[in-house]
Amino acid sequence: MIWQIMTNSKSFLLEELFRNSKSEESSYEKAIKRDLARTSFITNSSVKSKVDDLYEIIKVYSLYDPEVGYTQGMAFITVPLLMNMEAAEAFCMLVMLMKNYGFRELYLPDMPGLHLKLYQFDRLIEDLAPDLHTHLKRQGIRSSMYATQWFLTLFGYKFPLDMVLRIYDVVIAEGIETILKFSVNLMLKSKEFLLTLQFDDLLSFLKEKIFYYYLVENDIEFEILNDINNSTTNKLSRMTSNNSVNLKNSHHFEKKDMNLETFKLDEFVNDSLNIQILPITLKRYIAEFEEIHRLENERKEEIEEIRFKNGQLTREIRKIEAEYATLNREHIEVANEMVLGKVQIANLKEENLTLSNEVDDLRKRLSSLQIELENSKNSPHDLSSNDELSKNIELEVQRTMERNLEVMEENRLLEDQLNSLEDQYQSTKNELEELKLNHKELKIKWGALKKVFGNQQK
């Protein structure tokens, strides 16, 4: 009831919406059922008898806020609500947490709220515990590997339920930023032990057992980490000896054995709230994050622009290469035509020479015949035959001259064609050279763009 009053979540309109929307279908139904069936936080809690209500709440919210839809972490933040109120009231409060407390930004498709919280968490660790920040960085541990489940499930993924409920109290009273205080406090309290761990043990401890710092001294025997050797466990035992934690390696201490008396919850809450995180500090981190995000967007836009130019240049190069191949083929065809033309010209010259020789022979014969004709003029009986012979000779000479003229004309036309082909060949050759230069320039530009793109990728 106090949670509902503090969040002002009571809404008859939302309750009516919840009741009316339960019969509607959601595209997330299969995913919700699958996740609820395999989530131990639900099956091991008192909500296991209300799994149907839990399913209806999450399904209706996916319909109510289609931009968010459904993500697995929503089940974890809904369970504590359903443990303490009816299904319709839990739905109303879920809506308020999403809208008014900033949880919605954690579950949007790009998760902007989660990325911001992780950045603020990293910066706080860097400012408050630089040696721990350096150790995590050297071990290759990023906050997204372990703190993501803290923020998306409000610590419900591995933390004891009693501890989660106390965290809910503070978050509802003071806002979502307090999850940073709980996170930073746990890191600072376990700092000395964290500095002794390497990657595998370090990540396992951060994800599953960092809350063991607040175990109460009550002679409980448990194995802190199955895969950590005795020397490491002894280090943790010495480190936590002043915090009333007895560590031995004889029995497992399972989460299901934990109860309200197992942890120093008041001390956990007080220590967390004593972490000083000024609003101006968070605003500065937000400004830094937005600037980094802006620069990343500019870099992405620049990369996309380079990719676009790269695509244009690739298409242009392919086009020029195709034109180059076409011109090369045309060049070969012209060269072949020139060779054939030269062969034809040589043949015609040879034929012309032959005809010229024939003409000379005919001229000689004509001269000889003319002499014979002159001599035969003195013989009257041969006059008619001589006239006929003269006419035959003249016709033969005329035909020979005409053929000679035809051959000469063909020779002239072929020479003109050869000259035209030579001009075309030279023009094609110049075009080819120009395309080669353009191709070379484009390859240089392409190489420069690849170098720039490679640097951007680095």
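The following dialogue examines a predicted model of a protein and the reasons behind the terms used for it.

Biologist: What makes up the secondary structure of the protein, and how many helices and strands are there?

Modeller: The protein has 19 helices and zero strands. Of its 458 residues, 42% are buried.

Biologist: Why is helix 9 called oblique to helix 10?

Modeller: The axes of helix 9, residues 112-128, and helix 10, residues 130-138, cross at roughly 125° and come within 5 Å. An angle of 65 to 115 degrees would count as roughly perpendicular and one over 145 as roughly antiparallel. The angle of roughly 125° falls in neither range, and the two helices are therefore oblique to each other.

Biologist: Which residues make the contact between these helices?

Modeller: Helix 9 contributes Asp122, Ile125, Glu126, Asp127 and Leu128, while helix 10 contributes Pro130, Leu132 and His133. By class, four residues of this contact are nonpolar, one is polar and three are charged.

Biologist: How do you know that the length of helix 9 agrees with the expected span?

Modeller: Helix 9 has 17 residues, and its first and last C-alpha atoms are 24 Å apart. At 1.5 Å a residue the expected value is 24 Å, to which the helix is close. Among the buried residues of helix 9 are Leu116, Tyr119, Phe121 and Ile125.

Biologist: Why is helix 2 described as roughly perpendicular to helix 5?

Modeller: Helix 2, residues 12-21, packs against helix 5, residues 51-64, at an angle of about 105°, with the axes 10 Å apart. Angles of 65 to 115 degrees count as roughly perpendicular, so helix 2 and helix 5 receive that description. Their contact involves Leu14, Leu17, Phe18 and Ser21 of helix 2, together with Glu56, Ile57, Lys59, Val60, Leu63 and Tyr64 of helix 5. Seven of these residues are nonpolar, one is polar and two are charged.

Biologist: What makes the phi of Leu154 notable?

Modeller: Most residues other than glycine have a negative phi. The phi of Leu154, in contrast, is positive, near 50°, and Leu154 is not a glycine. Leu154 is found in the loop between helix 11 and helix 12.

Biologist: Why is Leu154 called buried?

Modeller: Buried means under 20% relative accessible area; Leu154 has 2%, and is therefore buried.

Biologist: How do you know whether Phe155 is buried or exposed?

Modeller: The relative accessibility of Phe155 is 1%, which is under 20%, so Phe155 counts as buried. Phe155 lies in the loop between helix 11 and helix 12, and has a positive phi of about 70° although it is not a glycine.

How values were computed: Residues are numbered from 1 along each chain as its sequence is written. This is a predicted model: local features need pLDDT of at least 70, side-chain atom pairs count only at pLDDT 80 or more; totals for chains, interfaces and linings use all residues. Side-chain values use heavy atoms; hydrogens and water are left out. Helices (H or I, at least four residues) and strands (E, at least two) are DSSP runs, numbered from the N terminus. Buried means under 20% relative accessible area, exposed over 50%, partly exposed in between (1.4 Å probe, protein chains only). Axes are lines fitted to C-alpha atoms, for helices over the stretch in contact, and angles run from 0 to 180 degrees between N-to-C directions. Angles under 35 degrees count as roughly parallel, over 145 as roughly antiparallel, 65 to 115 as roughly perpendicular and the rest as oblique. Contact means heavy atoms within 4.5 Å. Ala, Val, Leu, Ile, Met, Phe, Trp, Tyr, Cys and Pro count as nonpolar, Asp, Glu, Lys and Arg as charged, and the others, Gly among them, as polar. The expected span of a helix is 1.5 Å times one less than its number of residues.
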